[in-house]
Amino acid sequence: MELYDWLLALHVLAAFSLVAALVLYSIVIVVSRSLTVPSDVSRSFRMTRVGDVAIAVGSLGTLILGIWLAIDSPDYQVWDGWVIAALVLWLLSMETGRRTGEFYNAVRDRARALVAEGRDAPDSELAGKLRSNTGLLSHAATVVLILALLVVMIYKPGA
Amino acid sequence: MSVLAAIRPDDWNFPLLVHVLGAALLVGALLTAVAALFLAWRRQRNADAAFFGRLAFRSLLFVAFPSWWIMRIGAEWIYSREGLDDLPEDPDWLGIGYITAEGGGLLLLVSIILAGLGARRLARSGGETSTLLRVTTVLVTIVLVAYVVAVWAMSGKPD
């Protein structure tokens with residue numbers, strides 16, 4: 001395998017890591033929507049530690065290795081339209097992902113605080129946040145942007 | 001150059017997208033299941049072990065299993081579209097892909113059954129852990145590692 005092949009393989013693995021994290025977060029979000037007890041919510045969100053590692057590896061890996069690939073390849077350049085479109089989609093997905101993380105981390109921290117205070121009865125405020133559309137829509141936007149990114153990477157429009 | 005990076009005929013793109021998307025969702029579901037199964041393994045309280053066992057089972061049944069079919073159907077589609085079935089002998093990377101897809105699919109099926117039985121037994125017995133879930137943890141981890149190797153082989157094409 002040459003350098004290019006290694007870069008491509010690692011770039012694709014990073015993309016898989018990114019999508020894997022989104023799948024994990026999606027499952028946790030869906031499962032948590034039916035929870036009301038703070039300790040249950042706190043337990044459910046323990047899963048997201050794995051997703052946090054996967055999303056960090058995936059987002060940085062796809063960006064760095066993707067740019068490196070574009071520089072290394074004679075067939076396309078960093079300033080090609082589809083590469084720029086992919087970069088824009090990546091940036092937008094990072095922002096929506098950051099907002100999603102901010103929302104659900106606050107919910108998780110609230111659940112942990114309630115457990116620490118010994119108030120582990122069903123909490124309507126916590127349940128309301130988990131069932132609200134704020135975090136869900138932000139997460140859905142991230143999923144759509146990453147899906148669009150995948151489509152751009154495969155179809156390479158304009159190339 | 002790999003088909004993932006190449007500028008390829010337009011009619012190859014959709015089958016490739018189906019294959020890659022199915023594979024990425026499959027890896028995500030397996031990662032979620034592995035994370036939940038390891039948490040179920042470590043937990044001391046029955047409620048925790050039962051929760052994570054059930055979560056792993058549902059991730060495998062409702063996400064990994066359909067994703068395996070999407071990946072597999074996409075694989076056959078792109079295989080025939082690229083004319084790889086006309087080659088006198090399959091290249092190594094394709095062999096790795098076939099072996100991991102078929103073998104991993106079988107292990108996935110066994111894992112779903114064991115995880116379902118393990119989670120059910122745990123919920124009924126009130127025990128702290130389940131041997132069936134621990135066996136599932138090992139099996140699903142093997143499948144996940146195999147698919148990561150397959151992603152590397154399919155994208156880097158080490159021939």
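Before sorting any lining by class, I noted the rule: Ala, Val, Leu, Ile, Met, Phe, Trp, Tyr, Cys and Pro count as nonpolar, Asp, Glu, Lys and Arg as charged, and the others, Gly among them, as polar.

**Ground rules.** I am working with a predicted model, where local features need pLDDT of at least 70, side-chain atom pairs count only at pLDDT 80 or more, and totals for chains, interfaces and linings use all residues. Residues are numbered from 1 along each chain as its sequence is written, chains are lettered from A and ligands numbered from 1 in the order in which they are written, and side-chain values use heavy atoms, with hydrogens and water left out.

**Chain B overall.** I looked up the elements and found 4 helices and 0 strands in chain B. Helices (H or I, at least four residues) and strands (E, at least two) are DSSP runs, numbered from the N terminus. Along the sequence the pattern reads α-α-α-α. Of the 159 residues in chain B, 53% are buried (under 20% relative accessible area; exposed is over 50%, partly exposed in between, with a 1.4 Å probe and protein chains only). I also checked contacts (heavy atoms within 4.5 Å). Among those in chain B with a separation of 6 or more, 75% join residues 24 or more positions apart.

**B:Ser59.** I found B:Ser59 in helix α2 of chain B. Is B:Ser59 buried or exposed? B:Ser59 counts as buried because its relative accessible area is 2%. Beyond its neighbours within four places in sequence, B:Ser59 touches A:Ile27, B:Ala29, B:Thr32, B:Ala33 and B:Ala64. I also noted B:Leu31, 28 residues away along the chain, with its C-alpha atom 9.4 Å from that of B:Ser59.

**Helix α1 of chain A.** I tried the ruler on α1(A), residues 3-32. The expected span is 1.5 Å times one less than the number of residues. For these 30 residues that gives 44 Å, and the end C-alpha atoms are 43 Å apart, so the two agree. This helix is mostly covered, with 22 of its 30 residues buried.

**Cavities.** On a 1 Å grid over the protein atoms alone, a cavity is a set of points where a 1.4 Å probe fits but cannot get out, while a pocket is an open set with protein on both sides within 12 Å along at least five of seven lines; lining residues have an atom within 4 Å of a point. How many cavities of 30 Å³ or more are there? I get 3 of them. The largest holds about 570 Å³, a volume being the space filled by probe spheres set on the points, which are joined across faces, edges and corners. Its lining has 29 residues, with A:His11, A:Ala15, A:Thr62, A:Leu149 and A:Met153 nearest the centre. By class they split into 25 nonpolar, 3 polar and 1 charged, and α1(A) gives the largest share, 7 residues.

The second largest cavity holds about 450 Å³. Its lining has 30 residues, and B:His19, B:Met71, B:Ala75, B:Gly97 and B:Met154 are closest to its centre. I count 22 nonpolar, 4 polar and 4 charged residues there.

**Largest pocket.** Here I found about 390 Å³ of space. The largest pocket has 21 lining residues, and nearest its centre are A:Tyr25, A:Ile55, A:Gly97, A:Thr100 and A:Gly101. Which helix gives the largest share of this lining? That is α4(A), with 8 residues. The classes come out as 10 nonpolar, 9 polar and 2 charged.
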